[in-house]
Amino acid sequence: MIKAFFKVAIRNLSRNKVYSTINIVSLSIGLAACLLVANVVIDDLSYDKQWQKAPDIYRISDTDESTGQKTPVVLSGLGPTLKKDFPEVENYCRVSDANKYFTDSSKGKFNIHCIITEPSFLDIFNFRFIANATLTGGKDYKSVILSEEAKNKYFGNADPIGKTLKGFGLTGDADPTSYIVTGIVESIPYNSHLRAEAIILSQFSDEDNQLSPQGIGGFYSLYILLQPSANIKNLETKIDHLYKIAVENGADRKFVLQPLQDIYLHSDFAQGYQTVVGSLRSVYIFSAVAIVLLLIACFNFINLTTARALKKVGEAGVRKILGAGKFQLVLQYLFESLIFFLISFLLAVVFYRLFLNGVETYLEHKLTVSFTQNIILFAATVLVLLLVCLFTGLYPAILLASTKMITALKGATNSKPGNNRVRKSLIVGQFVITIIIIIAAIVVKEQLFFLNHSELGYDKNNLLLIGNTNFSTSGTAFKTEIKKITGVENASITIWNPGIGGGAMSVKVDNPFQKEKKMDIWYIDADIDFVSTLPLRLEQGRLLNNAFFLDAPDTRSLYKSGNMDSMMYVSSNQSLLVSSYTAKTFTSIQLNQPSKSMPGTPVGVVSNFHNESLRTIMKPSVIRGDNNIRYGNMLIRIQPGTDKYVIAAIAKIWDKFYPSQTFNYSWVNDALAAQYDSEKKTLQLFFFFSYISIFLACMGLFGLVSFTTEMRVKEIGIRKVLGASAALITVLISKDFLKLVVVALLISAPIAVWLMHAWLEDYAYRINISGWFIFVAGFITIAIAAATVFVSSINAATANPVAALRSE
């Protein structure tokens, strides 16, 4: 019986080549897109589950309850204190990460992203060593363990074990650190938030191992290994109590133990704290899209299969006369559906493999989990496919098998109005989804355009950025040489990086609008030329000037001198420039008078400017003069059209001042645009989904039009005999289907507006959803649908009526 089913299925495929091709291609594209999207979801959900002790590993995050600010870093001394005082804490490790330049006498200079931690890290996280040395880090050098990927990339077949490398931070450490290669481990999996190419092991000082009562010290990500029986909530309460007693102003701090396996998808900390971070919202969106794509592909299959039902009802009638039962006919048509699905699935796997690299390029990292490399996952996929095939093929199979013999022999089915409504509902559902995706794409595109073209309060064009640099004591001399270059209008050294935002630090002050709460004021440390380099407009008072000591005091020299009275005086009275927004927020501010709201004395008010991304509301900010910044950024204002000459000239001066550092630069407008890379990716995603959904929806519409024209073939023939033109018949057929698209537009518009309003709520500065967004989405959809209906119905409209009426 199976052999007979197979022969009939292959015969039907070859007999209806156009229909079979359309059905298989649309189904395979839908399945391939579903597989790719589902792969991303499964990979995201797999992060940090490969570590043997993962269920018992937690990262401690800290929340300042007075401001609500959350950070995943804590004081260095907290880890040793927890292990000493709480028996449920088995071990701990402090972790940070950084990019470092290493130099080797034979390999030159290379850049590696490193995890910087302590030896206990290797006890908590199970790394498999490929090669290991008995050497460990000492007083004069530190230990570096390379990943297999880094070893092959930078050393090839050479053995790096025991080699001494000179290491520089990207900021260009004045005195390079010596590192000895003590091991090679298997490459750190990409599905881990601890993604790096090397591990640097350091020993912490006794001072770092103590919990400072003043809250002073280094801050690190702290991972703790707990006993399996540990009570998490109870431990959090004990940590809060310990910190409140041990550290000044510790009462406002609340600590949370974050499970290791939740870190990747549940880390909503400020930018810069965590390099590798995912989004739970993206997982939900991708999951919904995968399900939607699978549903659309299945809807298409149902529509296209029922559209061909009339061609097979005669065959069903003959089989019934010859003794075939209803159950046997259902099995036959289900088997035919299975053949369609298997061919489509094999083709989908080919598409999946072809586009997988493109998805990895889009994500900017490799996918560790793959359907074609994981046997269990592949088997589960095949099982899901069989279930989908069963439920999808069941409706067309029952429709054909239930047709009465007499009706079937006349070439008709038992199609009732209810059946037609089901098919129309499927088409409406497909276009509802399609229009929602198109409207979403338009909204994201317009919001991205708004973010990139909004007025920021300064000119972001023709502004060069040399970021994260150790200028040491020669920063002022370097800047002086830069300003001599033809084409350079001005330059400034500052702690503020426009691409990251914020400032040198934030200070908590009383909120003038909510007395019981605090608010942050950003302090931007910069030299005297900062305002004229951006430039900002002076609205009141004066700008900072080197002629006044308090405008740019040498706080470093004061600190070294140990004169604490002078330090306190300068800190309380240093001249400040405040933004217009700051002056309006704190109405008590008076120029040239020490402020009661913030440390310092405002001497001028400058125009508002956004020192953070437009996702966040503008905050109060002040500019503080500092002509002795050693670690920071340089902003260089150049004349339009001089960029090539200026950059080449800066590179020569750079090599003269900082020969041990690599000259890296970027444009401020590019750095600002990079803040919205996630929105750019979302836009690309919606465009891709809109193309797929439009294609699949039109294939479904094509199937329904084909079904309807075959049902009305005699009616069309009679109309032509009575004088109806092909154009009139085309319009007659098309209008009913275009009504379905209009209905879909009416249903989808309010849903899309509601969803995108919710999405825009994450932005402090956002667009309004305009009616033309819906108009454009509707026009695009109706135009494409009209073209699809026209192509499908034109054959029936131009067919010879004699052929249709011959049986009459």
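A residue counts as buried when its relative accessible area is under 20%. By that cut-off, six of the six residues of strand 19 (residues 601-606) are buried, so this strand is largely enclosed by the rest of the structure. The model is predicted, and the points below set strand 19 beside its pairing partners before turning to the protein chain as a whole.

**Strand 19 and strand 17**
- Strand 17, which spans residues 538-541, pairs with strand 19 in the antiparallel sense, and three bridges connect the two.
- Within this part of the structure, Gln540 has Val605 of strand 19 as its bridge partner.

**Strand 19 and strand 18**
- Strand 18, made up of residues 575-579, runs parallel to strand 19, and the two are joined by five bridges.
- Leu576 finds its bridge partner in strand 19 at Pro602.
- Between these two strands the chain passes from strand 18 through helix 17 (residues 580-585) to strand 19, and the resulting β-α-β crossover is right-handed.

**The protein chain as a whole**
- The protein chain holds 24 helices and 22 strands.
- Of its 808 residues, 50% count as buried, and strand 19 contributes six of the six residues in its run to that category.
- Among contacts in the protein chain with a separation of 6 or more, 79% are made by residues that lie 24 or more positions apart.
- The accessible surface of the protein chain is computed at about 37,900 Å², and carbon and sulfur atoms account for 59% of that area.

Notes:
Residues numbered from 1 in each chain as written. Predicted model: local features only at pLDDT ≥ 70, side-chain atom pairs only at ≥ 80, totals over all residues. Heavy atoms only, no water. Buried < 20%, exposed > 50% of the residue type's maximum accessible area, 1.4 Å probe, protein only. Helix = DSSP H or I, 4+ residues; strand = E, 2+ residues; numbered from the N terminus. Pairing = 2+ DSSP bridges. Right-handed = clockwise from strand over helix to strand, strands pointing away. Contact = heavy atoms within 4.5 Å. Areas by Shrake-Rupley, 256 points an atom, 1.4 Å probe, with all protein chains shown as cover.
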